[in-house]
Amino acid sequence: MSEFRRVVKVGGREFNLSAKVGNSAQSNSYIGTTAPAAGQTEPQHIFLKVSKSVEFNATIDREVVPYAGEGAFSARLETPAFTALRQRAVPKLITKLSLRDGRRGFILESHACAVSIETIIKKFPQGINAFSAMWMFRRMVSSLMYIHSRNYAHGAVTPDNCIVIMDPPSCRAYYEGAHSGFVADWKHVKESESEFPAAPTSWSSIYSPGERISCSHDVYMLARTISKLLGKDDPHDLELHESAARLKGVLSACVLGRTARLKTAFNVWHELDAVIKAVRQETGITFVPSTLDGLDANPGL
Ligand SMILES: Nc1ncnc2c1ncn2[C@@H]1O[C@H](COP(=O)(O)OP(=O)(O)OP(=O)(O)O)[C@@H](O)[C@H]1O
Ligand SMILES: [Mg+2]
């Protein structure tokens, strides 16, 4: 993350950008704040993404469709059952952007205590508490359920794209949605089993050229991400004991599920739910917050 100061004005609203958090071939991304939302006293945290040149506007336009609730994708998902899921699963759009030079972008709502799982892994390469990882896993699964509910796949469930809302005491006062999270970066979202054009570089080993992207790839990538969060690349190598060992079972099955091409986030949700219930019965543990001492708010997003 590099420090950055810039004010962007859109439709009479000011957005103060404070750090650059993404610098891909196609886009730049920033975090910052804007005036408090109605009824709030603290500034609204935001995420802004803009194309690097007009030739990449199409990617931005494609990514913004689900955030804006537009298009066939959203129409398919606007059912009562999934509207509730949408609240948590989909980053909320504040506005689209059109720059004078023709480039396009968008601004999403974000949170003061949002961090990517990649940041957590860098800070704790040996792994975090398994019961904290469990709620993060659950939030990512629920985000993917929204996408998988109509047979779409996300396509890039990588640690940097998994965003969790942490629980530092400083955040509790004004953000009641702590322990939330979602899978960000929806530009690859496609019908499951459709051809995947370009693999995310960090995970290219799991895509062969011409391979079709599917829901079970998402499940596979999420299991690898959560395994890394617990200190191991492969869930089979995890050393979890007693009640936490059940989590290893779910993660290992997700990796196998990719071969079978059967698993979606819905299967994982049920398996994880059974684990959470068993843990509760065995240990009385319902939820382990994660303050991740030493991580500042928005350290590496
Ligand atoms: N809504 C959000 N709130 C907070 N942080 C976010 C949000 N969306 C993404 N981020 C963080 O910003 C980083 C960059 O965003 P994103 O992944 O969307 O773009 P990218 O992968 O850099 O670019 P491109 O889409 O052009 O490949 C992410 O890796 C993630 O850590
Ligand atoms: Mg990304």
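Visitor: Which residues does L272 touch, leaving aside those up to four places away in sequence?

Guide: In this predicted model, L272 touches F137, R138, V141 and V250, once residues up to four places away in sequence are left out. L272 itself is found in helix α9, which covers residues 265-283, and its C-alpha lies 9.6 Å from that of G249, although 23 residues separate the two in sequence.

Visitor: Is L272 buried or exposed?

Guide: A residue counts as buried if 20 or more other C-beta atoms lie within 10 Å of its own; L272 has 21 such atoms within 10 Å, and is therefore buried.

Visitor: How should I read a sheet, and in what order do the strands of the open sheet with β7 run?

Guide: Strands of a sheet pair through backbone hydrogen bonds, either parallel or antiparallel. Here three strands form an open sheet in the order β7-β9-β10, with antiparallel pairing; the edge strands, β7 (114-116) and β10 (181-183), each pair on one side only. Neighbouring strands of this sheet are turned by 20° against each other on average, direction ignored. Between β7 and β9 (residues 162-165) there are three bridges, and A114 has I165 in β9 as its bridge partner.

Visitor: Where does ligand 1 lie with respect to domain 1 and domain 2?

Guide: Ligand 1 lies between domain 1 (2-109) and domain 2 (114-283), because both give residues to the shell around it. That shell holds 20 residues, the closest being G22, S24, S27, A184 and D185, and the elements that give two or more residues to it are β2 (13-23), β3 (27-34), β4 (44-51) and β7. By class, the shell has eight nonpolar, eight polar and four charged residues.

Notes
Residues numbered from 1 in each chain as written. Chains lettered and ligands numbered in written order. Predicted model: local features only at pLDDT ≥ 70, side-chain atom pairs only at ≥ 80, totals over all residues. Helix = DSSP H or I, 4+ residues; strand = E, 2+ residues; numbered from the N terminus. Buried ≥ 20, exposed ≤ 12 C-beta atoms within 10 Å, placed from the backbone. Contact = placed C-beta atoms within 7 Å. Pairing = 2+ DSSP bridges. Axes fitted to C-alpha atoms, helices over the stretch in contact; angles between N-to-C directions. Near = placed C-beta within 6 Å. Nonpolar A, V, L, I, M, F, W, Y, C, P; charged D, E, K, R; others polar. Domains from an automatic or database assignment.
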